[in-house]
Amino acid sequence: MRRTSFPAFISAMLFSASSFANVDLDIQGIDGSLEKNVQAYLSSIPNEDYSTKLRFQSQVKQDIIEALNALGYYHPAVSFEVEGDDKLIATVSPGVVTKIAKVDVEITGEADSDKDFQNLIRQSGLKVGDPLDHSKYDKLKSNISNLALRKGYFNGKFTKNQLGVSPELNQAFIQLHFASGIRYQFGSTTITGNQIETDRVASLQPYKEGDPYDVSKVGQFNQALSTTEWFSSVLVEPDLSNLDKSRKLSMNVSLAPQARNQLETGIGYSTDVGVKGTLTWKKPWVNKYGHSFNSSFSISEPEQVITLSYKIPLEDVLHQYYRIAYGMKHVDSLDTKSLESNLAIERHWLMDDGWHRTVFARYLVENYEQGELDDIGRFVLPGVTYTRTRTRIKNSVIMWGDKESITLEYGDPSLFSETQVFRVQAGTSWIRSYGQNHRGIIRLDGGANLAQHFDKISPSLRFFAGGDNSIRGYEYESISPEDSSGSLAGAKYLATGSLEYQYRITGNWWGALFVDGGDAFDTLPNWKTGTGFGVRWISPVGPLRLDFAWGLNKDPGDQFRIHFTLGPEL
């Protein structure tokens, strides 16, 4: 028989039989951390060596003793019993545990008052009177060395590092003396290989010359340079060749330009728009100032969209920029036929509290047929948008997250709009988890058009509900007030919400139960409800959702719909 691993859920039970080759090994008398450590040591014995012979028993005994010594048990007793030709029983008595009698940990040099080193010592778990655990000693020693390197104490060394054990007294004595030496500082930065002007690249540097060295700042600089998408490779590193000559460390930044043109193609499917193909052309950098250009064309049966955008970074390259965007969209779906054109000028900020603020002005021209209406709408709409997304991800799954957004727009005839209108759109979503196998998702969306003459409002400014990301069980944008001909007219107001519970079936596969509700309305809502169940798969290309939904307010026989989407949860 081959050797098998031991599930965590039996760790508190007696060490159950593990099968190796043609012999079962059964360890008795220990559990918990002792059992786990013995298992770890025994795992180094090759499968083919397992037998009931005395030589194998000697190897098992030696590994058990070493495993128990590591946890402070220096007087173990191990006996063996053979049952038949294929079972070996080892009975273990761990004996008296050795306890820590002295802890002498000392930091000298410029790190003697460094709070990070003091926190390491406090959190080490090494206390007089506690059972000895060699791993805690080794971990503290390693953590001190690593912290010194991270914070620029490059000359640091241990003058004493000793773990002494007196088995006769069952006592252990710990000595760790670390001389940190000086803490080095950031020196001048040399940037090579950049096609973007040096001052603009250097503005991403999170440290100043003379600041204490911190490897996390080096990582931040590396990440910031990568985030710009200007470079195909980024390497930021200190020059350690002159440690004896100066406290200041020269920093070397090696860069390679990103390709000036990038083409991407994609294909997807959702029940809202069917098969959707996408072609994207990007220029990550247009000139030495770091300007960039992005364009995309997407096509599906009901919608075809072209977008172009030009980005101009400001002094705070990553967090502040201008964006000039143009989009054209053709829609032929249900009772809506529309060709809209949008030109926008935007100013973007990433604020200290994590909110992304966009101040914009857009010019909308829309040639449309909406039910009985057949017109051309023109609007100049200045506005502001605030958005924020926060997530905590574990094994590619969002276990905690939220997303909020609000957009305010205003149009007026004196500013070349068809009618006076004030628009509000807001949405929020939360993901919360309980343990590793339970997740809940809540979504709320709302909007309002406060218009002087609503009949002059274009379809793209009106509200519709229903579909994969709205109220499931209803066709995409099929919920809205109707005109006198019975055609969808679009609404003044929107209010929708969703509540979903998910349970992990296995790995990245989840089952879901949900209920959606809401309406798109002009005066008072006539609430629509959809409910059902689904399957979620966190795939390598993004979360995939398959839902079976029933629209409870639809006619019998027309209530059931299948919804399929691929895309982010927030």
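How are helices α1 and α2 oriented to each other, roughly parallel or oblique? In this predicted model, α1 and α2 are oblique to each other.

**View 1. Packing of helix α1 against helix α2.** Helix α1 spans residues 32–42 and helix α2 spans residues 54–69. Their axes lie 8 Å apart and make an angle of about 135 degrees. Angles over 145 degrees would count as roughly antiparallel and those from 65 to 115 as roughly perpendicular, so an angle outside these ranges and not under 35 degrees is classed as oblique. The pair α1 and α2 therefore falls in the oblique class, and the crossing of the two helices is right-handed. On the α1 side the contact is formed by Leu34, Asn37, Val38, Tyr41 and Leu42. On the α2 side the contributing residues are Val60, Asp63, Ile64, Glu66, Ala67 and Leu68. Sorted by class, this contact of α1 with α2 holds eight nonpolar residues, one polar residue and two charged residues.

**View 2. Helix α2 and the elements around its buried residues.** Helix α2 is 16 residues long. From the first C-alpha to the last, α2 reaches 22 Å, close to the 22 Å expected at 1.5 Å a residue. The buried residues of α2 are Phe56, Gln57, Val60, Asp63, Ile64, Ala67, Leu68 and Asn69. These buried residues pack against two helices, α1 and α4 (134–150), and against the strands β2 (23–28), β3 (77–83) and β4 (87–93).

**View 3. Surroundings of Asn342 in strand β16.** Strand β16 covers residues 336–350 and includes Asn342. The relative accessible area of Asn342 is 15%, so Asn342 is buried. Not counting residues up to four places away in sequence, Asn342 touches Ala325, Tyr326 and Gly327, as well as Arg362, Tyr363 and Leu364. Pro76 lies 266 residues from Asn342 along the chain, and the C-alpha atoms of the two are separated by 79 Å.

**View 4. Lys288 in the loop between β12 and β13.** The loop that holds Lys288 connects β12 (274–283) with β13 (292–299). Lys288 has a relative accessible area of 45% and is therefore partly exposed. Leaving aside neighbours within four places in sequence, Lys288 is in contact with Gln195, Ile196 and Glu197. For one of these contacts, Gln195, the C-alpha atom is separated from that of Lys288 by 6.1 Å, although Gln195 and Lys288 are 93 residues apart along the chain.

Notes: Residues numbered from 1 in each chain as written. Predicted model: local features only at pLDDT ≥ 70, side-chain atom pairs only at ≥ 80, totals over all residues. Heavy atoms only, no water. Axes fitted to C-alpha atoms, helices over the stretch in contact; angles between N-to-C directions. Helix = DSSP H or I, 4+ residues; strand = E, 2+ residues; numbered from the N terminus. Left-handed = near helix turned anticlockwise from the far one by under 90°. Contact = heavy atoms within 4.5 Å. Nonpolar A, V, L, I, M, F, W, Y, C, P; charged D, E, K, R; others polar. Expected span 1.5 Å × (residues − 1). Buried < 20%, exposed > 50% of the residue type's maximum accessible area, 1.4 Å probe, protein only.
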